[in-house]
Amino acid sequence: MSDTAAGTDGRVHASTDRRGDRGTDRRVYVDKQSPKAYRALVETSEAVRATAAEAGLDRVLVELVNLRVSQLNGCAYCLDVHTRAALRAGETTRRHGTLAAWRDTELFTERERAALALAEATTHPADARAQESAYDAARRQFTDDEISAVVWVAITINAFNRVSILSKHPVRESAVREAPAR
């Protein structure tokens, strides 16, 4: 007999059976299995969003950080969510399409480049050289409040990435097809 949790897709996903065996293709939706912990993460996210707004960070910049961290972590679910959010905030499909290679384009401002480097350093903190370089660039572009907000945005999306990746949250075709880019 298995313990189960209903996933965001309405299906029941096995957690572990009495022997501790796990299905190879089934995951626990940890957000559904532990809703109190997930609500705390959502509340943290809301506080971080307010902190970013109070620091004066543009919503597009916040979404660029969310997208870049999600790219680095390979989180399809968060990429889907934050692509839509970035486009709603005014991001262009061209910049979105080149975000993974942001260092090789002229499409991003120095401020955005500093935020992206700091987000990458937050995602991969073991790279001390990259971290120092990112902080140097951030110091030239941001106030202490803005640096703190960028780091908190990156920390928070990293946490959501882990929830979605480890739960295998699905990305589904929407009922309404989006118009193709021209």
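## Charged pairs, a nonpolar core and two cysteines

Arg59 and Glu63 sit four residues apart in helix H3, which means that about one helical turn separates them. They make a good way into this structure, which is a predicted model. The two form a salt bridge, and their closest N and O atoms are 2.5 Å apart. Across the whole structure, a search finds nine salt bridges. Below you will find some of these pairs, then Arg95, the core and the cysteines.

**Salt bridge within helix H3**

- Arg59 is partly exposed, with a relative accessibility of 29%.
- Its partner Glu63 is buried, at 1% relative accessibility.

**Salt bridge between helices H3 and H6**

- Glu120 pairs with Arg68 in a salt bridge whose closest N and O atoms are 2.7 Å apart.
- Because Glu120 belongs to helix H6 and Arg68 to helix H3, this pair ties together parts that lie 52 residues apart in sequence.
- Both partners are buried: Glu120 has a relative accessible area of 10%, and Arg68 has a relative accessible area of 10%.

**Salt bridge within helix H6, and a network**

- Arg113 forms a salt bridge with Glu110, with 3.9 Å between the closest N and O atoms.
- That distance still qualifies because the cut-off for a salt bridge is 4 Å.
- Helix H6 holds both Arg113 and Glu110, which are three residues apart, or about one turn of the helix.
- Arg113 counts as buried at 15% relative accessibility, whereas Glu110 is exposed, with a relative accessible area of 53%.
- Arg68, Arg103 and Glu120 are joined into one network by salt bridges that share partners.

**Arg95 and its surroundings**

- Arg95 is found in helix H5, which covers residues 93–98.
- Arg95 is a buried residue, and its relative accessible area is 13%.
- The side chain of Arg95 makes a polar contact of 2.7 Å with the side chain of Glu91.
- If you set aside residues up to four places away in sequence, Arg95 touches Val60, Leu64, Leu107, Phe108 and Glu112.

**The largest nonpolar core**

- The largest nonpolar core has 38 residues, and those touching the most other members are Leu57, Val65, Leu99, Leu118, Phe142 and Val150.
- Two or more residues each come from helix H2 (35–55), helix H3 (59–73), helix H4 (76–89), helix H6 (110–123), helix H7 (128–141) and helix H8 (144–167).
- Helix H8 makes the biggest contribution to this core, giving nine residues.
- Leu99, one of the residues with the most core neighbours, is in contact with Leu64, Leu67, Arg68, Gln71, Phe108 and Leu116, leaving aside neighbours within four places in sequence.
- Leu64 and Phe108 appear among the contacts of Leu99, and Arg95 touches them too.
- Arg68, the salt-bridge partner of Glu120, is also among the residues in contact with Leu99.

**The cysteines**

- The structure has zero disulfides by the rule applied here.
- Cys75 is in no disulfide, and the nearest cysteine sulfur, that of Cys78, lies 3.4 Å away.
- Cys78 is likewise in no disulfide, with the sulfur of Cys75 as its nearest, at 3.4 Å.
- The pair is not counted because a disulfide needs the two cysteine sulfur atoms within 2.5 Å.
- Cys75 is buried, with a relative accessible area of 1%, and Cys78 is buried as well, at 5% relative accessibility.

Key
Residues numbered from 1 in each chain as written. Predicted model: local features only at pLDDT ≥ 70, side-chain atom pairs only at ≥ 80, totals over all residues. Heavy atoms only, no water. Buried < 20%, exposed > 50% of the residue type's maximum accessible area, 1.4 Å probe, protein only. Polar contact = N/O pair within 3.5 Å; in protein donor to acceptor, adjacent residues only side chain to side chain. Contact = heavy atoms within 4.5 Å. Core = buried A, V, L, I, M, F, W, Y, C linked by side-chain atoms within 4.5 Å. Salt bridge = Lys/Arg side-chain N within 4 Å of Asp/Glu carboxyl O.
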